[in-house]
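Please look through the sequence and the model shown here. The paragraphs after them lead through the structure step by step.

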Amino acid sequence: MGDTKSFAEAGADLELVGIQKRFPGFTAIEHLDLTIPAGSFFALLGPSGCGKTTTLRLVAGLEDPTAGKILLGGKDVTSLKPHKRPVNTVFQSYALFPHMTILENVAFGLRRRKIADPLGKAHEVLRLVELDHVADRKPAQLSGGQQQRVALARAVVNRPALLLLDEPLGALDLKLRRQMQFELKQIQQEVGLTFLHVTHDQEEAMTMADTVAVMNKGRIEQMGAPEELYELPRTVFVANFLGQSNLFLVDVEGGTDQVIHTASVSGRISLPRARSERDSGTMTVGVRPEKLRLHAAAPPADANVNVIGPARIIDVSFIGVSTQYTVEVPGAGDVHVFSQNVEAGPAASLGDEVWLSWLVEHTFGLADDHLETGALTADFSTQAIAAQAVSE
Ligand SMILES: Nc1ncnc2c1ncn2[C@@H]1O[C@H](COP(=O)(O)OP(=O)(O)O)[C@@H](O)[C@H]1O
Ligand SMILES: [Mg+2]
């Protein structure tokens, strides 16, 4: 990508302090405390209707909070008009001016604010998104992905301290979307601005952001680096919304300083104390599908390994890089196992009786003392869970 030095102006910290937003008869945001450090790529991830757009509109100044403060670079901007805030937004529908050239679209905001050399600056940012060669075309002559990059250039050229992205890749097909995710991340790293990206697509959030906040019904359930959220979810919602999980309802039976022992209908399950939100009573424990191993016979007892079985394979799906097995575990419903295809041919077949094992250290203990009905057997896709959340 081109010379971007003059765009390497630092972003600003964003702080949301005790934000609440009520619409007549509906509370969209319960209570939001959030600090996004300058220069970070932050993703707000949650199902449709959880309050993501409302959060962005509050930051942009298009809505007033019912309670709370918004600070940008340490300065209280809560009562500033939208155009006075150093914030730009890229929406899902990028709404370029159809009659203007790409160059004029990008220069538009600079001209309006009477910034010197608008065309020079527009060319510079078009080089950044690798579209300077189409500067003289009209938007209709570009592909969807290219138009998206123009929309991004049009926002970045204003050098906002904070760039808000509201599902900006939603209109693109899957392949283009993956490519744009990569490019968007590169651009963010080059310009060093603060990006607040909202999406309902967990893969998009995980691949792009350095920090992900998982939002559910107007609250942040958990926040952290993608790996951290994936390896150690703290609630049933996060365990199921971010990737897939196998969850078991268990009763704590005791343990040691290091480990909690639990009993479930499927057998004894142990987990590290440090990876558990609870240590007594009824709780939910989980393990990710790629951590499970299949065995044709009960593996020998080992204090570091959890074993359940016998169970039966009721579905085998060959995905290419992996094979996904659905295993019916008496009393626990369906358990999913992802097995990498390092050897040719499946390790187990439909109808086989199997035992499942995984390392105690891969088990996590959730804050919930119950499993939502269907959490084990329902369609695990983000879309389906999002739809469920909306119809509640
Ligand atoms: N102007 C409004 N009046 C009443 N309810 C609203 C308004 N704007 C948003 N909502 C409600 O607030 C909730 C959150 O909406 P939104 O922030 O758009 O969610 P998301 O972007 O996560 O899909 C939804 O239930 C929505 O219907
Ligand atoms: Mg939205």
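Which element supplies the largest share of the shell around ligand 1? That element is α1, with three residues. The model is predicted, so local features need pLDDT of at least 70 and side-chain atom pairs count only at pLDDT 80 or more, while totals for chains, interfaces and linings use all residues. Residues are numbered from 1 along each chain as its sequence is written, and chains are lettered from A and ligands numbered from 1 in the order in which they are written.

Helices (H or I, at least four residues) and strands (E, at least two) are DSSP runs, numbered from the N terminus. On that basis the protein has nine helices and 20 strands. Its C-alpha trace spans about 75 × 50 × 35 Å along the principal axes. A residue is called buried if 20 or more other C-beta atoms lie within 10 Å of its own, exposed if 12 or fewer, and partly exposed in between, with C-beta atoms placed from the backbone. Of the 392 residues in the protein, 40% are buried. Two residues are in contact if their C-beta atoms, placed from the backbone, lie within 7 Å. Among contacts between residues at least 6 apart in sequence, 67% join residues at least 24 apart.

The shell around ligand 1 takes in residues whose C-beta atom, placed from the backbone, lies within 6 Å of the ligand. These residues are Phe23, Phe26, Ala28, Gly46, Ser48, Gly49, Cys50, Gly51, Lys52, Thr53 and Thr54. By class, four are nonpolar, six polar and one charged. Here Ala, Val, Leu, Ile, Met, Phe, Trp, Tyr, Cys and Pro count as nonpolar, Asp, Glu, Lys and Arg as charged, and the others, Gly among them, as polar. Both β2 (26–36) and α1 (52–60) supply at least two residues of this shell. Helix α1 is mostly covered, with seven of its nine residues buried. They are Lys52, Thr53, Thr54, Thr55, Leu56, Leu58 and Val59. Glycine 61, with a positive phi near 90°, follows α1.

Strand β2 also belongs to a sheet. Two strands pair if DSSP finds at least two bridges between them. Four strands make an open sheet in the order β2-β1-β4-β5, with antiparallel pairing. β2 and β5 (75–76) are at the edges and have a single partner strand each, so one side of each lacks a neighbour in the sheet. Strand β1 (residues 14–23) is joined to strand β4 (residues 67–72) by five bridges. Across this antiparallel pair, glutamate 15 stands opposite leucine 71 in β4.

Further along the chain is the loop between α2 and α3, where lysine 114 and aspartate 117 are placed. Most residues other than glycine have a negative phi, and most peptide bonds are trans. Lysine 114, however, has a positive phi near 55°, and aspartate 117 has a positive phi near 50°. Lysine 114 counts as exposed because it has 7 C-beta neighbours inside 10 Å. Aspartate 117, with 11 such neighbours inside 10 Å, also counts as exposed.

Is helix α4 largely enclosed or largely open? Ten of its 13 residues are buried, so α4 is largely enclosed by the rest of the structure. The buried residues of α4 include Gln147, Arg149, Leu152 and Val156. They pack against β6 (87–90), α2 (102–112), α3 (118–128), β7 (162–166) and α5 (174–191). The expected span of a helix is 1.5 Å times one less than its number of residues. For α4 (residues 144–156) this gives 18 Å, and the end C-alpha atoms are 18 Å apart, which agrees.

A hairpin comes next. β12 and β13 form it, with two residues between them. Strand β12 (residues 259–264) and strand β13 (residues 267–272) pair in the antiparallel sense over six bridges. Serine 264 has glycine 267 in β13 as its bridge partner.

The last part of this account is another open sheet, of five strands in the order β15-β19-β16-β17-β18, again with antiparallel pairing. β15 (293–295) and β18 (333–340) stand at its edges with a single partner strand each, so one side of each is left without a neighbour in the sheet. From one strand to the next the twist averages 45°, where axes are lines fitted to C-alpha atoms, for helices over the stretch in contact, and angles run from 0 to 180 degrees between N-to-C directions. Eight bridges join β17 (residues 322–329) to β18, and glutamate 328 stands opposite aspartate 334 in β18. Strand β16 (residues 305–318) contains proline 310, which a cis peptide bond with omega about 5° joins to glycine 309.
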